[in-house]
Amino acid sequence: MKLLEDRIRKDGTVKEGNVLKVDCFLNHQMDIALFDEMAKEWKRLFEGHRIDKILTIEASGIGIACSVAREFGVPLVFAKKAQSINLDGDMLKTEIQSFTHKRVYNVIVAKKFISEGEHVLVIDDFMANGCAAIGLIELVEGANAVVEGIGIAIEKGFQDGGKILRERGFKVESLAIVESMDAKTGEITFR
Ligand code: 5GP
């Protein structure tokens with residue numbers, strides 16, 4: 001999506017450790033007009049697909065997913081990072097290795113918010129190694145619901161998450177796929 005790629009080129013900064021910083025428009029300060037355009041693009045890409053619910057993970061997926069949920073006219077649920085996994089049986093649970101924070105989170109969603117047979121669109125801001133998306137898929141499958149697709153704002157194509165999930169047969173729609181980025185020169189190329 002050219003609009004997003006142009007914005008990443010203009011305002012994104014490349015950090016050491018394969019981290020792209022986009023906090024002035026995506027995951028700290030948020031450009032909601034841009035999110036609305038991104039949501040329209042996912043609506044086009046998932047045309048004809050049954051989507052009953054949007055699922056994302058706190059915190060930085062939530063803003064984008066709000067626009068997506070409004071565009072599709074369905075509820076949004078966000079998975080919570082829990083302090084303790086010692087919870088009652090009303091929760092779907094999984095573990096997610098955080099790429100940016102280098103730690104493992106227990107992640108939960110109340111069972112009542114994902115029902116058996118529902119078709120869910122998973123949304124997140126970034127895909128690196130795919131851990132966040134795989135965790136969200138586990139939550140959906142744990143509810144005997146269906147992952148209809150995965151919408152990612154920025155996929156880092158030089159990391160394996162997108163490849164792994166496409167090979168598993170999921171429809172992964174990333175609006176910008178970074179082919180390479182260089183922390184020294186700041187150069188970013190797209191696929
Ligand atoms: P994965 O689980 O696919 O390895 O990484 C995806 C998660 O890590 C996303 O939810 C996102 O919050 C974070 N993340 C991964 N790579 C980046 C990055 O380059 N920049 C930022 N800001 N977040 C990232």
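Biologist: Is Lys 102 buried or exposed?

Modeller: This is a predicted model, so every value here is computed from it. A residue counts as exposed when its relative accessible area is over 50%, and as buried when that area is under 20%. Lys 102 has a relative accessible area of 59%, so Lys 102 is exposed.

Biologist: Where along the chain is Lys 102 found?

Modeller: Lys 102 belongs to the loop that runs between strand 5 (91-97) and strand 6 (104-110).

Biologist: What is the phi of Lys 102?

Modeller: The general idea is that most residues other than glycine have a negative phi. Lys 102 is not a glycine, and yet its phi is positive, at about 50°. Asn 144 is another such case, with a positive phi of about 55° although Asn 144 is not a glycine either. Asn 144 sits in the loop between helix 4 and strand 8 (146-156).

Biologist: Which peptide bond is cis?

Modeller: As a rule, most peptide bonds are trans. In this structure the bond that joins Glu 58 and Ala 59 is cis, with an omega of about 0°. Ala 59 is part of the loop between strand 3 (53-57) and helix 3 (61-72).

Biologist: Now the ligand. How many residues surround the ligand?

Modeller: For this count, a residue needs a heavy atom within 4 Å of the molecule. Here 17 residues surround the ligand, and the closest are Leu 20, Asp 124, Ala 128, Gly 130 and Ala 132. By class, the shell holds 8 nonpolar, 6 polar and 3 charged residues.

Biologist: Which elements each supply at least two residues of that shell?

Modeller: They are strand 2 (19-21), strand 7 (119-127) and helix 4 (131-142). Strand 7 gives the most, with 4 residues.

Biologist: Which polar atoms of the protein should I look at beside the ligand?

Modeller: A polar contact is a pair of N or O atoms within 3.5 Å. Start with the oxygen atoms of the ligand. A polar side-chain atom of Asp 124 lies 2.8 Å from an oxygen atom of the ligand. A polar backbone atom of Ala 132 is also 2.8 Å from an oxygen atom of the ligand. Then turn to nitrogen: a nitrogen atom of the ligand has a polar side-chain atom of Lys 156 at 2.8 Å.

Biologist: How much of the ligand's area does the protein bury?

Modeller: Taken alone, the ligand exposes 500 Å², and the protein buries 90% of that. The ligand sits in the largest pocket.

Biologist: Away from the ligand, is Thr 94 buried or exposed?

Modeller: Thr 94 has a relative accessible area of 9%, so Thr 94 is buried. Thr 94 lies in strand 5. Its side chain and that of Glu 138 are joined by a polar contact of 2.4 Å.

Biologist: How should I read Glu 37?

Modeller: Partly exposed is the class between buried and exposed. Glu 37 has a relative accessible area of 33%, so Glu 37 is partly exposed. Its place is in helix 2 (residues 32-45). Distance along the chain and distance in space are two separate readings. Glu 37 and Ala 153 are 116 residues apart along the chain, and their C-alpha atoms are separated by 11 Å.

Biologist: What is the relative accessible area of Gly 151?

Modeller: The value is 0%, so Gly 151 is buried. Gly 151 lies in strand 8. The C-alpha atoms of Gly 151 and Glu 58 are separated by 15 Å, with these positions 93 residues apart along the chain as the count of how far apart they are.

Notes: Residues are numbered from 1 along each chain as its sequence is written. This is a predicted model: local features need pLDDT of at least 70, side-chain atom pairs count only at pLDDT 80 or more; totals for chains, interfaces and linings use all residues. Side-chain values use heavy atoms; hydrogens and water are left out. A polar contact is a pair of N or O atoms within 3.5 Å; within protein, one must be able to donate a hydrogen and the other to accept it, and residues adjacent in sequence count only if both atoms are side-chain atoms. Accessible areas come from the Shrake-Rupley method with a 1.4 Å probe; for residues, only the protein chains shown count as cover. On a 1 Å grid over the protein atoms alone, a cavity is a set of points where a 1.4 Å probe fits but cannot get out, and a pocket is an open set with protein on both sides within 12 Å along at least five of seven lines; lining residues have an atom within 4 Å of a point. A molecule sits in a cavity or pocket if more than half of its atoms lie within 2 Å of its grid points. Ala, Val, Leu, Ile, Met, Phe, Trp, Tyr, Cys and Pro count as nonpolar, Asp, Glu, Lys and Arg as charged, and the others, Gly among them, as polar. Buried means under 20% relative accessible area, exposed over 50%, partly exposed in between (1.4 Å probe, protein chains only).
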